[in-house]
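Welcome! Here is a short guided walk through a protein model, written for someone meeting it afresh. Keep the structure open beside the text as you read.

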Amino acid sequence: MIMASKQEYGIPYTPLPSSQPSQTVIVLTPYRRHRRPSFLRSLRCSILFTAAILLLSAAAYFLYPSDPEINVSRIQLNHIRVLDSFRPTLDLSFSLTIKVRNRDFFSLDYDSLVVSIGYRGRELGLVKSRGGHLRARDSSYINATLELDGLEVVHDVIYLIGDLAKGVIPFDTIAQVKGDLGLLLFQIPIQGKVSCEVFVNINNQKISHQDCHRK
């Protein structure tokens, strides 16, 4: 049996398309990352640097050791007497209250408190008290009595005679404390000093004027 082809009968023939797997195409658009402006980065760095400097400065201010603060809270004249002779002698007694303040954040051990009195820049005598301990940011009051009994004035006799004629004698008092500041495992030597100029009225046995300042 002979089969005739479709072309022989004049029937058009269109080949079927070859089967192909379906494909999905995704088009990606380029992503541009937004960058922060350079001045913002510079501003942030400047702020951080300034904050670090301020923190370091504050730490140095609070932790750096400083000398104790010395103040004369009270000066009282007990008596004064000048004996007239070829060489004048001086009897004098002062009572003082000294305030010592530890300004640091560490404890302070002071060896002693020395109070001296002078006339016309020359030291006449001194008194020394025992030491003590001050906690951080603490204060202490120390009483001291300075006495001169029959001190012969050799120098500045002419000035003393002139002051006796005026009725007022100027004296210089200096209070000084020395000690060690306990900073961690170290002992740092520190000292504080205050100087006062005291004008004594020999007629009414009182202090007419005083002027103190720290050194």
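## A buried group of rings

Both Phe-94 and Phe-171 are buried. Bear in mind as you look around that this is a predicted model.

Phe-171 is a good place to begin. With a relative accessibility of 1%, Phe-171 counts as buried because the cut-off for that word is under 20%. Tyr-119 is buried too, with a relative accessible area of 4%.

How many aromatic pairs does the count come to? The count comes to two aromatic pairs. The table sets them side by side.

| Ring pair | Centre to centre | Angle between planes | Geometry |
|---|---|---|---|
| Phe-94 and Phe-171 | 6.3 Å | 75 degrees | edge-to-face |
| Tyr-119 and Phe-171 | 6.1 Å | 55 degrees | tilted |

Tyr-119 sits in strand 3 (residues 108-119) and Phe-171 in strand 6, so their pair ties together parts of the chain that are 52 residues apart in sequence. Ring pairs join Phe-94, Tyr-119 and Phe-171 into a cluster.

Another ring has a charged neighbour: Arg-137 lies over the face of Phe-105, 5.1 Å from the ring centre.

## An open sheet

Now turn to the strands. Strands of a sheet pair through backbone hydrogen bonds, in either a parallel or an antiparallel way. Here, three strands form an open sheet in the order 1-2-5, with antiparallel pairing. Strand 1 (69-83) and strand 5 (139-152) are the edge strands, and each of them pairs on one side only. From one strand to the next, the twist averages 10 degrees.

Strand 1 and strand 2 run antiparallel and are joined by 13 bridges. To find one of the matched positions, look for His-79: its bridge partner in strand 2 is Ser-93.

Thr-145 is a useful stop in strand 5. Is Thr-145 buried or partly exposed? Thr-145 is partly exposed, with a relative accessible area of 40%. Leaving aside neighbours within four places in sequence, Thr-145 is in contact with Asn-78, Ser-93, Phe-94, Ser-95 and Val-127. Two of these names have come up before: Ser-93 is the bridge partner of His-79, and Phe-94 belongs to the ring cluster. Thr-145 and Ser-129 are 16 residues apart in sequence, and their C-alpha atoms are 9.5 Å apart in space.

## A hairpin and its disulfide

The next stop is the hairpin of strand 7 and strand 8, which has four residues between the strands. Strand 7 (residues 186-201) and strand 8 (residues 206-214) pair in the antiparallel sense over eight bridges. Phe-199 has His-209 in strand 8 as its bridge partner. In this hairpin, Gln-205 takes a positive phi near 60 degrees.

How many disulfides does a search of the whole structure find? The search finds one disulfide. The disulfide is formed by Cys-196 and Cys-212, whose sulfur atoms are 2.0 Å apart. The link of Cys-196 and Cys-212 is right-handed, with 115 degrees about the S-S bond. Cys-196 lies in strand 7 and Cys-212 in strand 8, 16 residues apart. The two ends have their own surroundings: Cys-196 is buried at a relative accessible area of 1%, whereas Cys-212 is partly exposed at 30%.

Cys-196 also leads on to strand 6, where Thr-173 lies. Thr-173 counts as buried at 5% relative accessibility. Apart from neighbours within four places in sequence, Thr-173 is in contact with Ile-75, Ser-116, Ile-117, Val-194, Ser-195, Cys-196 and Val-198.

## Two loop residues

The last stops are in loops. Which residue has a phi near 55 degrees, a positive value in a residue other than glycine? Arg-120 has this phi, and its place is in the loop between strand 3 and strand 4 (122-134). Arg-120 counts as partly exposed, at 40% relative accessibility.

Asp-156 has a positive phi of about 55 degrees as well, although it is not a glycine. Look for Asp-156 in the loop between strand 5 and helix 2 (157-166).

Terms used
Residues numbered from 1 in each chain as written. Predicted model: local features only at pLDDT ≥ 70, side-chain atom pairs only at ≥ 80, totals over all residues. Heavy atoms only, no water. Pairing = 2+ DSSP bridges. Phe/Tyr/Trp six-rings, centres within 6.5 Å; stacked < 30°, edge-to-face > 60°. Buried < 20%, exposed > 50% of the residue type's maximum accessible area, 1.4 Å probe, protein only. Lys NZ or Arg CZ within 6 Å of the ring centre and 35° of its normal. Axes fitted to C-alpha atoms, helices over the stretch in contact; angles between N-to-C directions. Disulfide = S-S within 2.5 Å. Contact = heavy atoms within 4.5 Å.
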